[in-house]
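User: Could you walk me through how to read strands, surface patches and salt bridges in a model like this?

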Amino acid sequence: MTASERILAGLRALLAHFSGLSPLAWMIDIALTVGVAAVALAAGRLARRLTRLGAHHLPGPSDAEKTVRSNRLARLAGRVVQAAAVIAAVLIIADIWGFNLLAWTARPLGARILAGAIRLGLLLIVGMAAFELAGLAIGRAMGGFADHAAEPRRRAQLATLAPLLRGVAQGAIVIVAVLMGLGELGVKIGPLLAGAGVVGVALGFGAQTLVKDFLTGIFLIVEDIVSVGDIVRIGDSGGLVEQMTLRTIRLRDFDGTVHVFPYSEAQVLHNLTKSFSYYVFDLQVSYGSDLDAALAIMRRVGARLKADPDFADKILEPIEVVGVDSLADSGVVLKARIKTPPLQQWTVGREYNRRIKLAFDEAGVEIPFPHLKIVMPERQIAELAGLSAI
């Protein structure tokens, strides 16, 4: 019997089966079909909701990451349950209408297809579980190390390394899962890996900047040059280090602008908050002011600021008054600096500037305005004197 004859015979048998059903049997079969389909759909939605609720209670470094993880797990669980529900629904609905698909799976071809589908499904589930567990394990391990770190700097470094390690581990899991899936589909992985090696070498020559970015970023983190939470300046841009990925460093400045730099472009990086910081003062007083009195006021204001309970823990050492730094056009520049913990120099500097302004005003020390002094030649002075006499 040819294939066309088998198809026609199957269609005739199908028509004969349906024509033999009574109206009541049709109604019952349709009602059961709708009910089974509704149950399968509800099972997928329920699985998504329960998984999202459970994943949100898993430990995570931030609410945003918990939300992303719960949504991802909910989608995965929903798809797995929906796939299982669809398969079960198809088998049940087929049995309702008088077709036994399980008997077809007992045949060699059906058994092979069923076994392959089961293996691919299990591979997908195991791969996604390993993906999530790797991210969760690395996050918890690095979080535990950070909690037990004695220095804040070490905690910041561990917080920077955590997403990088998570990305590498999860990327490796995805690659292994894809290769195993291709193997289940009958694709020969050996020639594919050899071809990928050749393509990788070709891409490596064309993607040297990417490799340079990756290696530079690794050394920046390992050598503790910069970490998430530092305030740095790269070129003409500066701001808080918000995120460090495998290839880029992301800064957010005071007005909220985000600056993204590949590591290879961060050739000169200025870290303003590593270990400790200084706030440097360049205060100008007029040429007619008492310089010794002004310097004494600067020291006194610095000592009072350090004795203030609100600022005592933000100042590491007494104020260092250097002295007269330069003779500017409008006045004499007095230089000083205060040593503070990281990120506290601006708070201390603003308060000191406020207090020194009030102290200078009280003592009569003049803070000069920019001005221009014009010196007239003697001849022009004489001519102006003669005109005024007339």
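Analyst: Happily; we will take the features one by one.

Analyst: This is a predicted model, where local features need pLDDT of at least 70, side-chain atom pairs count only at pLDDT 80 or more, and totals for chains, interfaces and linings use all residues. Residues are numbered from 1 along each chain as its sequence is written, and side-chain values use heavy atoms, with hydrogens and water left out.

User: In what sense do strands β1 and β2 pair?

Analyst: Two strands pair if DSSP finds at least two bridges between them; strands (E, at least two residues) and helices (H or I, at least four) are DSSP runs, numbered from the N terminus. Here β1 (residues 231-234) and β2 (residues 237-244) run antiparallel over four bridges, and Ile234 has Ser237 as its bridge partner. The two strands make a hairpin with two residues between them, and Gly235 in that turn has a positive phi of about 65 degrees. Next, β2 pairs with β3 (residues 248-252), again antiparallel over four bridges, with Leu240 opposite Arg252. That hairpin has three residues between its strands.

User: Which residues make the nonpolar surface patch?

Analyst: Patches are made of residues with over 30% relative accessible area and no salt bridge; nonpolar side chains (Val, Leu, Ile, Met, Phe, Trp, Tyr) are joined within 5 Å, like charges within 9 Å. Areas come from the Shrake-Rupley method with a 1.4 Å probe, and for residues only the protein chains shown count as cover. In this model Val168, Val211, Phe214, Leu215, Ile218, Phe219, Val222 and Leu246 make a patch of about 670 Å². Helix α8 (residues 208-222) gives the most, with six residues.

User: How many salt bridges are there, and where does Glu317 fit in?

Analyst: Side chains of opposite charge can pair when their charged atoms come close. The cut-off is a side-chain nitrogen of Lys or Arg within 4 Å of a carboxyl oxygen of Asp or Glu. A search of the whole structure finds eight. One of them joins Glu317 and Lys339, with the closest N and O atoms 3.5 Å apart. Glu317 lies in the loop between α9 (291-307) and β7 (320-327) and Lys339 in β8 (residues 332-340), so this pair ties together parts 22 residues apart in sequence.

User: Is Lys339 buried or exposed?

Analyst: Buried means under 20% relative accessible area, exposed over 50%, and partly exposed in between (1.4 Å probe, protein chains only). Lys339 is buried at 16%, while Glu317 is partly exposed at 36%.
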